[in-house]
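Hi everyone, thanks for coming. Please have a look at the sequence and the structure on the screen, and then we'll walk through a few parts together.

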Amino acid sequence: MKVTVVGAGAVGASCAEYIAIKNFASEVVILDIKEGFAEGKAMDLMQTASLNGFDTKITGITNDYSKTAGSDIAVITSGIPRKPGMTREELIGINAGIVKTVAANLLEHSPNVTLIVVSNPMDTMTYLVHKTTGLPKNRIIGMGGALDSARFKYRLAEALEAPISDVDGMVIGGHSDTGMVPLTAHATRNSIKVSEFLSEERLSQVAEDTKVGGATLTKLLGTSAWYAPGAAVSSLVQAIACDQQKMFPCSVLLEGEYGLNDICIGVPVILGKNGIEKIVKIELTEDEKNKMQQSAEGVRKTNALLEL
Ligand SMILES: NC(=O)c1ccc[n+]([C@@H]2O[C@H](COP(=O)([O-])OP(=O)(O)OC[C@H]3O[C@@H](n4cnc5c(N)ncnc54)[C@H](O)[C@@H]3O)[C@@H](O)[C@H]2O)c1
């Protein structure tokens, strides 16, 4: 199993590290445009192998896509991250050009690759990859919901004063501060709805804290976060590589599901060896349906900025 990670920055390197530590891939190639940067990150990570007990071979390359040939899965993290006060949507101008070129380069050398798009604004970048590559929809996956759900579980556990392993919950919708739809009505602690333990007001606070989870970290760090994004990507890569048939909310092309068409937005899917094995349709409450429609409108506004 060969995995390529494009972008050796904060998220790309963190993602490569988690993939290696989980020890399921034979090879991880990290590629960056900045001379020597990916080579340095790869060497540093390889020097953790004996300490962390993994056998995955990590190689770094400066912009030579021939070295990515035969990749089964490729993760696109190249582009600029947001700075404090910026929205993910403001990154579109620079990142669209980068993502389009990177996807084309990857496919030239790995025609059977499954692509995981991470660069922001992620739903729109995933849509761009659909429009420009012509790959079947099961092989283009946007990562946002897996991260947002991890942040939701963190906030739920905090409110419940419970260990995170007691908590389950999911965030669907667009990967933006206003577009996320945390499914508070479906969230549980040990199979009991969290609404049994938390007031409506506290649950709304959990949802709001989840939605601004990325912005909160960007303000603290001066740039966007990397540990949880890297871990979330590695979970998607592992689900595909190991044919786990696991459910994650991912940004995928919808063709009528959830009443939406011609848009990439976060919905629950099953991930396995074919990438997206299935889009899972769940019954949403009226409130969640409305929020999903509003979220889609926001994503469409950003999609309209693409020069297709
Ligand atoms: N989807 C998510 O949940 C999520 C979470 C966190 C960050 N992000 C996004 O991921 C992206 C990367 O964030 P980061 O914090 O790692 O940024 P970063 O600046 O640390 O790393 C980006 C890397 O991309 C490289 N790069 C730029 N153009 C390139 C090209 N054409 N080819 C190859 N490499 C190129 C840069 O040299 C840099 O090393 C940003 O767009 C950020 O907003 C998404």
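Let's start with a helix: how far apart should the ends of helix α7, residues 200-211, be at 1.5 Å a residue? The helix has 12 residues, so the expected span is 16 Å. In the model, the C-alpha atoms at the two ends are 17 Å apart, which agrees. And please keep in mind that this is a predicted model.

Now, which residues of α7 are buried? They are Leu203, Val206, Ala207, Asp209, Thr210 and Lys211. Here is a handy rule for reading a list like that. An α-helix has 3.6 residues a turn, so residues three or four places apart point the same way. What lies over the buried residues of α7 includes two helices, α6 (145-160) and α8 (213-221), along with the strands β8 (171-173) and β9 (180-182).

Let's pick out one residue of α6, leucine 156. Is leucine 156 buried or exposed? Its relative accessible area is 0%, so leucine 156 counts as buried. And what does leucine 156 touch, leaving out residues up to four places away in sequence? Its contacts are Val167, Asp168, Ala187, Val194, Leu203 and Val206. Two of those names, Leu203 and Val206, were in our list of buried residues from α7. As for Val194, it sits 38 residues from leucine 156 along the chain, yet their C-alpha atoms are separated by 8.3 Å.

Next, a small sheet. Three strands form an open sheet in the order β7-β10-β11, and the pairing is antiparallel. At the edges are β7 (167-168) and β11 (192-193), each pairing on one side only. If sheets are new to you, strands pair through backbone hydrogen bonds, either parallel or antiparallel. Between β7 and β10 (residues 188-189) there are 2 bridges. In one of them, valine 167 has arginine 189 of β10 as its partner. You have met valine 167 already, because it is on the contact list of the buried leucine 156.

Last stop, the ligand. How many residues surround it? There are 27, and the closest are Ala10, Val11, Asp32, Ile80 and Met143. A polar backbone atom of valine 11 is 2.8 Å from an oxygen atom of the ligand. For isoleucine 80, again with a polar backbone atom, the distance to a ligand oxygen is 2.9 Å. Histidine 175 uses a polar side-chain atom instead, 3.1 Å from an oxygen of the ligand. On its own, the ligand has 870 Å² of accessible area, and the protein covers 87% of that.

Methods: Residues numbered from 1 in each chain as written. Predicted model: local features only at pLDDT ≥ 70, side-chain atom pairs only at ≥ 80, totals over all residues. Heavy atoms only, no water. Helix = DSSP H or I, 4+ residues; strand = E, 2+ residues; numbered from the N terminus. Expected span 1.5 Å × (residues − 1). Buried < 20%, exposed > 50% of the residue type's maximum accessible area, 1.4 Å probe, protein only. Contact = heavy atoms within 4.5 Å. Pairing = 2+ DSSP bridges. Near = heavy atom within 4 Å. Polar contact = N/O pair within 3.5 Å; in protein donor to acceptor, adjacent residues only side chain to side chain. Areas by Shrake-Rupley, 256 points an atom, 1.4 Å probe, with all protein chains shown as cover.
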